[in-house]
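Here is a short report on the strands, ring pairs and surface of one protein model. Keep the structure open beside the text while you read.

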Amino acid sequence: MDIIFGVLVIPTMIFLFPVTEWMQWHPDYVLFYILWLYGVWLLCRKAIGPMFTQDVQGVVLAAGSLFLVLVVTFMMTLTPVDFPRERMGALQLHQRAMWILLLAVISAGVPVGALRTRNRELSSKKEEEEEQQNAADAINTRRAEALSGMDRGEIQLKTGYSIVHVPVTAIKYIEGRNNYACFHLDHRKDVVSQITLKNVMEMLPEGKFARVHRSYIVPLWRIEKRSGTSVKLMGVEESIPLGRAYKETLNNG
């Protein structure tokens, strides 16, 4: 779009006016204004148009930028330029051409910039949703493979004066906090219970979870990658620390 407009449209519009005659009398002025038109196009295309897709502050900033462009162009029209044809209506011919070309460039540049920015945002959002869906599908697949044949589908935890049933498949990881354990779960609030991680390991299905740190237990099927000091889990943004004393246990798991 930029190439088509810059190479074909703007030159065609410019030569609808007596540019050849102007060039014979004031080539510096004509060349400067042509460069100004291309600058306005890029400004509208790259900055002002995208601003209109943002919040109210962005729209106000875009409107202010357009006003500044008009002011600068108006100042340019005040430059005294003598041509053989001095007047045509209320404006000199070169002034009329300047405003016609400027408004044409703005009318094309702003919508193109706004639409392209909006399309990129929608495309980026779609890619992000696809990545999230692929990650969720991968987690579900690995979860189903890992938990196939598992006898216990949930564990019971005491929280205050009530008993909470926590599905094993919903556990993202378990964090130890002194004599309490915090169960981080998929799509639901965390559950905190007064229980040690040692007792938690005894409640969990054997071979499906591993203690990777004195304060963390993770599901083996969620492990996406690991380094010498941390473990990355599928569906979890933060990395889980990996203690040296638990590396061998994790390797065996």
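Strand S6 and strand S7 (residues 216-219) run antiparallel and are joined by 4 bridges. The two form a hairpin, with 2 residues between them. Two of the facing positions can be named. Ala210 stands opposite Val218 in S7. Arg211 has Ile217 in S7 as its bridge partner. Note that this is a predicted model.

**The five-stranded sheet**

The hairpin belongs to a wider sheet. Its 5 strands follow the order S5-S4-S3-S7-S6. The sheet is open, and its pairing is antiparallel. Strand S5 (191-193) and strand S6 (209-213) stand at the edges. Each has a single partner strand, so one side of each is left without a neighbour in the sheet. From one strand to the next, the twist averages 20 degrees.

Is S6, at its edge, enclosed or open to solvent? Of its 5 residues, 4 are buried, so S6 is largely enclosed by the rest of the structure.

S7 also pairs with S3, in the antiparallel sense, over 2 bridges. Here Glu175 has Tyr216 in S7 as its bridge partner. How are the two faces of S7 covered? In a regular strand the side chains alternate between the two faces of the sheet. Tyr216 and Val218 lie on one side of S7, with Ile217 and Pro219 on the other. All of these residues are buried, and both faces of the strand are covered.

**Aromatic pairs**

The structure holds 2 aromatic pairs. The table sets out their geometry.

| Pair | Distance between ring centres | Angle between planes | Type |
|---|---|---|---|
| Tyr173 and Tyr216 | 6.1 Å | 45 degrees | tilted |
| Phe209 and Trp221 | 5.3 Å | 80 degrees | edge-to-face |

Why is one pair tilted? The planes of Tyr173 and Tyr216 stand at 45 degrees, and an angle that is neither under 30 degrees nor over 60 counts as tilted. Tyr173 lies in strand S3 (residues 171-177) and Tyr216 in strand S7, so this pair ties together parts that are 43 residues apart in sequence. Both rings belong to buried residues. Tyr173 has 6% relative accessibility and counts as buried. Tyr216 has 16% and also counts as buried. The cut-off for buried is under 20% relative accessible area.

Now take the other pair. The planes of Phe209 and Trp221 stand at 80 degrees, so the pair is edge-to-face. Phe209 lies in strand S6, while Trp221 lies in the loop between S7 and strand S8 (223-226). The pair therefore ties together parts that are 12 residues apart in sequence. Phe209 and Trp221 are buried.

**The three-stranded sheet**

Strand S8 leads into another open sheet. It has 3 strands in the order S8-S9-S10, and the pairing is antiparallel. S8 and strand S10 (240-241) stand at the edges. Each has a single partner strand, so one side of each is left without a neighbour in the sheet. S8 and strand S9 (residues 230-233) pair in the antiparallel sense over 3 bridges. Within this pairing, the bridge partner of Arg226 is Val231 in S9.

**Exposed positions**

Which residues form a nonpolar patch on the surface? They are Phe67, Leu68, Val71, Val72, Phe74, Met75 and Leu78. Together they have about 670 Å² of accessible area. One of them, Val71, lies in helix H4 (residues 56-77). Val71 is partly exposed, with a relative accessible area of 33%.

Asn178 is another surface position to look at. This residue lies in the loop between S3 and strand S4 (180-185). Is Asn178 buried or exposed? With a relative accessible area of 81%, Asn178 is exposed; the cut-off for exposed is over 50%. Asn178 and Leu197 are 19 residues apart in sequence. In space they are 9.4 Å apart, C-alpha to C-alpha.

Technical notes:
Residues numbered from 1 in each chain as written. Predicted model: local features only at pLDDT ≥ 70, side-chain atom pairs only at ≥ 80, totals over all residues. Heavy atoms only, no water. Pairing = 2+ DSSP bridges. Axes fitted to C-alpha atoms, helices over the stretch in contact; angles between N-to-C directions. Phe/Tyr/Trp six-rings, centres within 6.5 Å; stacked < 30°, edge-to-face > 60°. Buried < 20%, exposed > 50% of the residue type's maximum accessible area, 1.4 Å probe, protein only. Patch = residues over 30% accessible without salt bridge, like charges linked within 9 Å, V, L, I, M, F, W, Y side chains within 5 Å. Areas by Shrake-Rupley, 256 points an atom, 1.4 Å probe, with all protein chains shown as cover. Salt bridge = Lys/Arg side-chain N within 4 Å of Asp/Glu carboxyl O.
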